[in-house]
Structures are given as C-alpha cells and as structure tokens.
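Here are some notes for you on the ligand site and on two backbone details. Please keep the structure open while you read.

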Amino acid sequence: MLQQTGVGVAITGSGSAIPSVSLDNQGLTQLVETSDDWIATRTGIRQRRLAGEESLSAIATLAAQRAIAMAGIAPEDLDLIILATSTADDLFGSASSIQFQLGASRAVAFDLTAACSGFVFGLVTASQFIRTGVYQNVLLIGADILSRWVDWSDRGTCVLFGDGAGAIVMQASERDRLLGFELRSDGTQHQSLSLAYTAQPKELVPGINVQAGTYHPITMNGKEVYRFAVQKVPEVLEKAMFRASISIEQIDWLLLHQANQRILDAVAQRLKIPTEKVISNLANYGNTSAASIPLALDEAVREGKIKPGDIIASSGFGAGLTWGAAIFQWGR
Ligand code: ACO
C-alpha cells in the first residue's frame, strides 16, 4: 500500500571499500607484453585493486556499512537493497546475503545487472520506489570483481579492470534531488563487450541434452566500445540535463563511469565542461564496472570536493550495450 505520494529523493550517505591487494602497471608486464607507458597513455590507469581474498558480498557490505553510517540511519531502517553487479558470488544473487550481513532485517534485496551502467540504472530504479511512496530508505550498492572474469593473457582487456565497491543511501525527501535522467540500451551491439555463457551439450538420457557449459572471460572490441562511449555519453547527458532543466554551466561535477581517461576527457570536451569539474580516480583503481561511480563519488565527498547542494552529472555506459545519465544534487 502506498504510504505517501509525490515524494522526492535525496542521497544522504556514501561509502566505499576496495580490496587490499594492488597491482601496478609494471606488475602486469610479468603477465603480458605491455608497459606502464602504454597503459598510462592510452587509459590513464596506473594501478588496480584485486580481490584475492575478499568476496563480492564482503566488500559490498563494508561499503554499505560506511554509507549507512554517513546517512545516520540503522540497517533496520532500510526498506530496499539493490546490488548492481555483474559478478555476484552466487548467480542466484548476492543482495540477500548482504542484507543478512548488514542486519537489514526489514529490507527486500535483489541484484540488478547492467554491467558498467548498473549504478545509474540502480539509482533510477531505486528512485521509482521512493517517488511512489512505497519505500523511504534505500541502499544502492555498485560492486564488481571483474578480475574473476578477465582473460589474464589478453593484453587488450586485462590492463583495464579492477575490483571495488561503492554504495549510497537514498531517502524520501521533501525536495527531489534527482533532477533528471535518461536510460538507454542497444542489444544490436551486444557482441562488442561480453562475458558470455558458452553451452557444452551433455546428453542426460538418450535424445535429451542439457547445457553444461560455463561463462567465458570478457571479450571486447575496444575501438567499438570507445567510439560508442564518446558518441552516446554526451548525448545521453544532454538529454538528462534537458529533462532536469539544467544548463552545462550549472553542473558542478562531471562524474562518469571510470573506464578510460581519454573517454572522460573527450566527453568533457564535447560538452565544454572544464577539466577541474571532471572527477577522476581511475589512475588508482582502473575500471571497476558498477562500482566506479559510487567509489569516485564517495572519495570526492569524503575529500570535501563534493559539497551538499552540488549538482552532479553522472553517466554509466558499458556492456549490453547499455548507457544512461542521471543529474542529481548531493545531500539532503
Ligand atoms: N599493451 C601494449 N600494447 C597493447 C596493449 C597493451 N596492454 N593492448 C593493445 N595493444 C596494442 C594492440 O595490439 C595494437 O597493436 P597493433 O597496432 O600492432 O595491432 C595497438 O596496441 C593499438 O591497439 P588498439 O586496440 O587500437 O588501442 P586503442 O588506442 O584503441 O586503445 C583501449 C585500446 C584502451 C582498450 C581503448 O580502445 C578503450 O579504452 N576502449 C574502451 C574500452 C572500455 O572502456 N571498455 C569498458 C566499457 S565498460 C564495461 O561495461 C565493462
């Protein structure tokens, strides 16, 4: 039953967590023929964190606890938990395990898979539950351990990815801080970036087969994905800004999925957003997929860069292909 209608959404807490092990570009030269110079120049990445010991739900839970603490609520206050991930510990979903580890006994929890767009898709999904008055307190986590699914002999992909988790708390509020959004998918380009299941037929009884296959490591057409990102991300941001009635000049921060510094620079340049407004931490973490936006958001908030009321233009993009943008204000 609806409790309230016409409520707005506020983002009241953030948190993040990263695995303790880091591998720099020099370390990768032991695996593939590459160099620190090639990786840094082409991508901006210098090092990445790798979850050797940590599970996805462990780092996600830690990020969530930090976000909940910042928001000043208790786990029992949460109505909904959305875990945006493509690398759950369990294919049936890891959100319920996080719900248990947090002690969020009242919350319903589910996973959402949209690759590197997962956080933005989750933000918009969570907002619908709040705006309709169904839920008041929502935890959104973006977390991925892509190192599980990287082909460590493919220098075209293994240098790009890292592991991490970020989370935000979203609450019902009188003022709506989600100012505008736009989400898109294009399955025709699905093959450009995938982590696909490959079937191995297994005969159960004569004439009846099942598929006893496995998922294969990430394959990517880097050039296609690059072209897609620099074309579609500015477009989707412009659309979301239009819906929000916000001009470029009003944007305080451009917070993009941290895939490649050249993509960040190209999007900022196309939108005429000055470099000092572009949030970037990919030098330290690489592409952490669904975690990258909340991880960068949390760092910028805790460093005091992002302040209450600041307007943030964020965009996620990646496999699917999927892409989307959300314009929001930080804080209550
Ligand atoms: N080290 C050294 N050389 C390399 C490496 C490496 N790690 N990787 C590729 N090369 C070589 C190639 O073999 C090629 O050599 P050749 O000319 O002799 O054939 C040369 O470098 C150029 O390769 P390109 O693929 O043309 O390099 P490009 O400038 O396109 O950069 C990159 C590659 C960094 C992958 C770029 O295309 C990119 O960033 N694309 C977007 C990828 C992305 O963001 N993916 C994630 C999306 S989010 C998600 O949902 C997971």
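1. A polar contact here is a pair of N or O atoms within 3.5 Å; within protein, one must be able to donate a hydrogen and the other to accept it, and residues adjacent in sequence count only if both atoms are side-chain atoms. With that in hand, look at Arg155: one of its polar side-chain atoms is 2.9 Å from a ligand oxygen. Arg42 has a polar side-chain atom 2.6 Å from an oxygen atom of the ligand, and for Arg262 the distance from a side-chain N or O atom to a ligand oxygen is 3.3 Å. The protein covers 74% of the 1,000 Å² of accessible area that the ligand has on its own (Shrake-Rupley method, 1.4 Å probe).

2. A word on the source: this is a predicted model, where local features need pLDDT of at least 70, side-chain atom pairs count only at pLDDT 80 or more, and totals for chains, interfaces and linings use all residues. Residues are numbered from 1 along each chain as its sequence is written, and side-chain values use heavy atoms, with hydrogens and water left out.

3. Which residues are closest to the ligand? They are Thr34, Arg42, Cys116, Lys223 and Asn260, out of 26 that surround the ligand (a heavy atom within 4 Å). The shell divides into 13 nonpolar, eight polar and five charged residues; Ala, Val, Leu, Ile, Met, Phe, Trp, Tyr, Cys and Pro count as nonpolar, Asp, Glu, Lys and Arg as charged, and the others, Gly among them, as polar.

4. Helix H7 (222-244) is among the elements that supply at least two shell residues, as is strand S16 (311-318). H7 gives the most, with four. Helices (H or I, at least four residues) and strands (E, at least two) are DSSP runs, numbered from the N terminus. Domain 1 (8-176) and domain 2 (180-187 + 219-329) each give the shell at least three residues, with bounds from an automatic or database domain assignment.

5. Two backbone spots deserve a look. Most residues other than glycine have a negative phi, and most peptide bonds are trans. Ala115, in the loop between strand S5 (108-112) and helix H5 (118-131), has a positive phi near 50°. The Gly320 to Leu321 peptide bond is cis, with omega near -5°.
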